[in-house]
Amino acid sequence: MIADNVLDELRLIVGATGVKTGDALSLIHPGSDERNLDAGVMVVPRNTDEVASVLRLCNQHRIAVVPHGGRTGLVGGGVSAAGEIILSLAAMNRIESLSAAAGTATVGSGVTLQSLQVAASKVNLTTGIDIASRGSATIGGMISTNAGGMDAFRHGVMRHRVLGLEVVLPDGRIMSDMSQVTKSNEGYDLKQLFIGAEGTLGVITRAVIRLAPADEFTATALVACPSATDVVALFRRLHHSLDLLRAEFMARDYFALASANLGPAALAAFTETPAYLIVEIEAFDQRSAQLALEEALAQAVDADIVADAILAQSEKERNEIWNIREDSSVVDRVHPHGHWFDISVPLQELETWLTRFNEGIAALGPDVRGFAFGHLGDGNLHVGVAGALDKDTAKAIVYANLREIGGSFSAEHGIGLDKRQDLHALVDPVKLALMHSIKAMLDPNGIMNPGKVLC
Ligand SMILES: Cc1cc2nc3c(=O)[nH]c(=O)nc-3n(C[C@H](O)[C@H](O)[C@H](O)COP(=O)(O)OP(=O)(O)OC[C@H]3O[C@@H](n4cnc5c(N)ncnc54)[C@H](O)[C@@H]3O)c2cc1C
């Protein structure tokens, strides 16, 4: 429990309505994890100085602070407990400036991805990063998890979109590195420490984000391929010969489930193959985009790397195709209580990994099902295993040959609570020791999101 005198001090900093408990807190959605609001106290600062004052106070009283953005994180990074406070950055949601000339935006960390996308689109720019949780995910949360998403193979992950950062340290000091430029070699690039730190080193309050040119005239297709190797070959062809915007992979079981439950009849009845790809390209005008994709896919059919394809003929058809991939929570709706993993696989090993995964699932009998899909360009797969089995058994199948083929057990969602054991078991011990040293140096009292990332 947080003492009443501390709550009073917090109210003095952020105002009476800026401290939410009881009924006021119960109106707020916990987000991706039911345990996110368990602290029972949420503090909502309006600016960087208030964040600094809150952290100074919490550091003085040794009160743990759990930062919250949109609460869409998928590894338990936002989980809180009694005796801690939740620090919500939701009110720091102002786009301070957006320069079409420089292609940059300066934003408060509570700005949602979607609102920045909408603002950028008005000057024909995009954020260069896109994730399905765009409506709620905040820039601060995405920086803290180093989010990736569908455009990462072209524009990089969140780390590559951040030019400048403002961070409040656990003792209340403000580190301002709000650079507006790409080239800035001014000693150690400390902002990188806070990108992907999941709120364990400090609170991100503002950022300068690099924008990218908007994708204007696009063509989209759903493609069925005879194998995962063919999917990769198709990706390489399109990436080399066209302006490929997106390439999202779906293994057969995922596609069958999603298309049967989400799609129109045409998609549900689509050719059955082991591997599918949704591809999107851009060209100078709409007609050129359609023709270029059609021609490239026809050549891929001749080369036997594509079995069948559906080219979207309207925005409605495009949305229907994308929905099959984006509404991946369909797996949980049909098969609740599955175990989820977020891994990276080197592209040349996709077939090897998928074959081993399918064999592992089949060996557990018909009641266990495996679903794999993800961002092909980065070899990033989201893998669900559903059925009567525990997480360790599912993990053994998903991780079976992952290290051997040079993959990663944590691709884009982070470590949070859920992957701490994997981090400690699988990461280089010297690297891990350095992480502990950095944490101890920046946060000697251990108030920042304790128990997350590091045990
Ligand atoms: C439907 C769906 C699709 C998704 N798709 C993708 C995807 O394609 N790619 C991908 O990478 N991720 C994806 N994610 C997960 C992804 O981590 C989040 O959507 C997003 O990055 C988190 O933003 P948030 O504002 O919701 O952060 P939160 O969930 O609120 O927080 C995430 C972590 O960051 C910390 N944090 C939040 N704000 C701050 C801050 N200002 N300062 C310091 N620490 C902070 C929290 O303590 C927590 O540890 C998806 C999630 C969902 C639900």
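**View 1. The shell around the ligand is a mix of residue kinds.** Of the residues that make up this shell, eleven are nonpolar, 22 are polar and four are charged. The model shown here and in the other views is a predicted one. In total, 37 residues surround the ligand, and the closest are Gly69, Gly73, Gly77, Gly140 and Gly141. Which elements supply at least two residues each to this shell? They are strand S3 (65-68), helix H5 (139-144) and strand S10 (203-210). Helix H5 gives the most, with four residues. Now step back to the domains: the ligand lies between domain 1 (4-88) and domain 2 (95-213), because both give residues to the shell around it.

**View 2. Strand S3 belongs to an open sheet of four strands.** Follow the strands across and you meet them in the order S1-S2-S4-S3, with mixed pairing. Strand S1 (19-20) and S3 stand at the edges with a single partner strand each, so one side of each has no neighbour in the sheet. S3 and strand S4 (residues 85-88) run parallel and are joined by four bridges. To find your way along this pair, look for Val66, which stands opposite Ile86 in S4.

**View 3. The largest nonpolar core holds 65 residues.** Val223, Cys225, Val231, Leu234 and Leu277 have the most contacts inside this core. Where does this core lie? Both domain 3 (217-323) and domain 4 (330-413) give residues to it, so the core lies between them. Leu234 is a good residue to zoom in on: leaving aside residues up to four places away in sequence, Leu234 touches Val223, Cys225, Leu277, Ala300, Ile305 and Val306. Another core, of 60 residues, lies apart from this one, and its members include Leu37, Ala120, Met158 and Ile447.

**View 4. Asp304 has a positive phi value.** Its phi is near 65°, in a residue other than glycine. You can find Asp304 in the loop between helix H12 (286-302) and strand S15 (308-311). Is Asp304 buried or exposed? Asp304 is exposed, because 11 other C-beta atoms lie within 10 Å, and a residue counts as exposed with 12 or fewer.

**View 5. Val453 also has a positive phi value.** Here, too, phi is near 65° in a residue other than glycine. Val453 is found in the segment after helix H18 (429-442). Val453 is buried, because 23 other C-beta atoms lie within 10 Å, and the cut-off for buried is 20 or more.

Note on methods. Residues are numbered from 1 along each chain as its sequence is written. This is a predicted model: local features need pLDDT of at least 70, side-chain atom pairs count only at pLDDT 80 or more; totals for chains, interfaces and linings use all residues. A residue is near a molecule or strand if its C-beta atom, placed from the backbone, lies within 6 Å of it. Ala, Val, Leu, Ile, Met, Phe, Trp, Tyr, Cys and Pro count as nonpolar, Asp, Glu, Lys and Arg as charged, and the others, Gly among them, as polar. Domain bounds come from an automatic or database domain assignment. A nonpolar core is a set of buried Ala, Val, Leu, Ile, Met, Phe, Trp, Tyr and Cys residues joined through C-beta atoms within 7 Å. Two residues are in contact if their C-beta atoms, placed from the backbone, lie within 7 Å. Two strands pair if DSSP finds at least two bridges between them.
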